[in-house]
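This report goes through one protein model for a reader who works with coordinates. It takes up charged pairs, cores, backbone details and a database record in turn.

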Amino acid sequence: MPSIAPCSCTYVVLVLCLVTGSFAGDPYVFFDWTVSYLTASPLGIKQQVIGINRQFPGPILNVTTNWNVVVNVKNDLDEPLLITWNGVQHRKNSWQDGVLGTNCPIPAGWNWTYQFQVKDQIGSFFYFPSLNFQRSAGGYGGVIINNRDVIPLPFAVPDADVVLFISDWYSKSHKKLRKDVENGEDLGVPDGILINGFGPYRYDEALVQGGIAYQIINVEPGSTYRFRVHNVGISTSLNFRIQNHNLLLVETEGSYTVQQNYTNMDIHVGQSYSFLVTMDQTASSDYYIVASPRYVNSSKASGVAILHYANSQGPASGPLPDPPNEYDSFFSMNQARSIRWNVSAGAARPNPQGSFKYGQITVTDVYVIVNRPAELIDGKWCTTLNGISYLPPSTPLKLAQQYNIPGVYKLDFPNAQMNRPPKVDTSLINGTFKGFMEIIFQNNHTAVQSYHMDGYAFFVVGMDFGVWTENSRSTYNKWDGVARSTTQVFPGAWTAILVSLDNAGIWNLRSENLDSWYLGQEVYLSIMNPEIDKSEAPLPDNTIYCGILSSLQ
């Protein structure tokens, strides 16, 4: 196994309670988490961060396809909390999604237990706190869903996993950041880039102050490691690379990919990738692991960790490996287009991924979703999709639907930008159960935006600069577009996705860029099964009630 340690810090591993029970059917695993504030100095200045079981980042959920996961979360923060599971689909169980449309927040001092099955999934994902800008302070960690033993990996079993969380970082507290955003202030350039919660190795004495703890990844020469890399930041696309080492892309967000070598990879906010990296260098010195900001004119330091071979002959030195041209979005788009679905590989099921021939399915619904930068609506700063800034009701949508409460939301989200003034509203997409939806994201913002859909993996079939038209469909990849849950949309460009609406529930579609999301750039899809499905998860016994239903608590 690789040894992962910071420089000049005591590294403490907390062993969580993990029990594989003698339950009928698929195994259960149990975790107890306490979410609380910690004091850390990732950039050399003490500040408050959010940790889980006094770890920052939080623990890794390492499970296998179809296992049942039970996570008891104690909220020791001073404000409400929800945890969402980025990319975990919660088949027929949106009660566990951990966003305001499905759950009442866990009040400060309370605990709540999530229980869900990682049904028919494999891959690399992460979790994070979904409320109140808390992700900017941490609270995130990894989710690994392993193949069942009966389904082989489409590559040789690696010697070990290495999980890396890369993120932009601000010295301001999450409460100050969200207040700034409410006041119409731009987030600005991040104060630094973290890798696994640590600041940069001092690769440049002029840029990096002394005394900052940094991440060291200890490896054995000749071994191959699976690097699972997540951009858990709040607004910044990051370029990831390892000095003198190729990155063999094998998986992204639950899909095995065509295996291709890259020297670097642009990883946008909310995205996750798996690379195989072989320790095939001479180890004349240590090597840099780098995460540097894209499309940001910044004089701040990049995120830098150290790859340390057991036989290394000295510390890393000299310049960092070159990134792509800082503002070359054409490079990044072409790189994104090169990522393809491995249609011959089995994943959660033995049949090949490509046996689902998405390109031959008739589209039932089309939505062209146009974003706008923050603007004043009734005196408040808001962001919009198709002219609507989402207003979370005091009663979660899923609970309102369960109890047939009228007037909480409307199923009238427009399928295109409306020729009317922008407004604040609780307007949902009325999806057709087992329909096949085409969504085109049109980015009118000056920054890259990432969009994520809970409950689903969608097929990324096209992207280009300019305005999408119906003629753009002629460029779609109808065969091996990768299936994932988070896609980037470049400034002045569009991205098209196709999604099979086979997962009943209420599901969040959002900007992963935290400033855009916080100001209203999200919408929910209501996917109702018109028939009674006894396999759909019922209202949980431990439901927290709020809003109109507070009296039921």
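## Salt bridges

The structure holds 24 salt bridges. The model is a predicted one. Side chains of opposite charge can pair when their charged atoms come close. Three of the pairs are set out here.

| Pair | N to O distance | Separation in sequence |
|---|---|---|
| Asp502 and Arg91 | 3.4 Å | 411 residues |
| Lys92 and Asp533 | 3.0 Å | 441 residues |
| Arg135 and Glu512 | 3.7 Å | 377 residues |

Take aspartate 502 and arginine 91, whose side chains meet in a salt bridge at 3.4 Å. Aspartate 502 sits in the loop between β31 (493-500) and β32 (505-511), and arginine 91 in the loop between β6 (83-86) and β7 (111-117), so the pair ties together parts that are 411 residues apart in sequence. How accessible are the two partners? Aspartate 502 is partly exposed, with a relative accessible area of 31%. Arginine 91 is also partly exposed, at 26%.

Lysine 92 pairs with aspartate 533, with the closest N and O atoms 3.0 Å apart. Lysine 92 lies in the loop between β6 and β7, while aspartate 533 belongs to the segment after β33 (522-528), so this salt bridge ties together parts that are 441 residues apart in sequence. Lysine 92 counts as partly exposed, at 28% relative accessibility. Aspartate 533 is partly exposed as well, with 22%.

The third pair is arginine 135 with glutamate 512, at 3.7 Å from N to O. Arginine 135 lies in the loop between β8 (123-129) and β9 (141-146), and glutamate 512 in the loop between β32 and α4 (514-518), so the two tie together parts that are 377 residues apart in sequence. Are these two residues buried or exposed? Both arginine 135 and glutamate 512 are buried. They also belong to a network of salt bridges that links Arg135, Asp454, Arg510 and Glu512.

## Nonpolar cores

In soluble globular proteins, nonpolar side chains tend to be buried together. The largest nonpolar core here has 47 residues. Which of them touch the most other members? They are Leu164, Phe227, Phe240, Phe275, Ile289 and Leu307. Strand β10 (residues 160-169) gives the most to this core, with four residues.

Leucine 307 shows what such a position looks like in detail. Beyond its neighbours within four places in sequence, leucine 307 is in contact with Ile217, Val219, Phe227, Ile242, His245, Met279, Asp286, Tyr287 and Ile289. Apart from the largest core lies another, of 40 residues. Its members include Phe31, Ile50, Leu81 and Ile544.

## A buried threonine

Threonine 495 is found in strand β31. Threonine 495 counts as buried because its relative accessibility is 0%, and buried means under 20%. The side chain of threonine 495 reaches the backbone oxygen of glutamine 488 at 2.9 Å. Leaving aside neighbours within four places in sequence, threonine 495 is in contact with Ile439, Ile440, Phe441, Val460, Gly462, Met463, Thr487, Gln488 and Val489.

## Backbone details

Which residues does a cis peptide bond join? They are phenylalanine 56 and proline 57, with omega at about -5°. Proline 57 lies in the loop between β3 (47-52) and β4 (61-64).

Two residues deserve a check of phi. Asparagine 244 is not a glycine, yet its phi is positive, at about 65°. Asparagine 244 has its place in the loop between β14 (238-242) and β15 (247-252). It counts as exposed, at 51% relative accessibility.

Tyrosine 295 is not a glycine either, and its phi is positive, at about 60°. Tyrosine 295 is found in the loop between β19 (287-293) and β20 (303-309). With 21% relative accessibility, tyrosine 295 counts as partly exposed.

## What the record says

According to UniProt, in an unreviewed entry, the feature "domain: Plastocyanin-like" is placed at residues 35-148, 161-311 and 395-530. For residues 35-148, the end C-alpha atoms lie 31 Å apart, and the span is 0% helix and 42% strand. For residues 395-530, the end C-alpha atoms lie 23 Å apart, and the span is 8% helix and 41% strand.

Technical notes:
Residues are numbered from 1 along each chain as its sequence is written. This is a predicted model: local features need pLDDT of at least 70, side-chain atom pairs count only at pLDDT 80 or more; totals for chains, interfaces and linings use all residues. Side-chain values use heavy atoms; hydrogens and water are left out. A nonpolar core is a set of buried Ala, Val, Leu, Ile, Met, Phe, Trp, Tyr and Cys residues joined through side-chain atoms within 4.5 Å. Buried means under 20% relative accessible area, exposed over 50%, partly exposed in between (1.4 Å probe, protein chains only). Contact means heavy atoms within 4.5 Å. A salt bridge is a side-chain nitrogen of Lys or Arg within 4 Å of a carboxyl oxygen of Asp or Glu. A polar contact is a pair of N or O atoms within 3.5 Å; within protein, one must be able to donate a hydrogen and the other to accept it, and residues adjacent in sequence count only if both atoms are side-chain atoms. UniProt positions are given in the numbering used here, feature names are shortened, and annotations may be inferred rather than shown by experiment.
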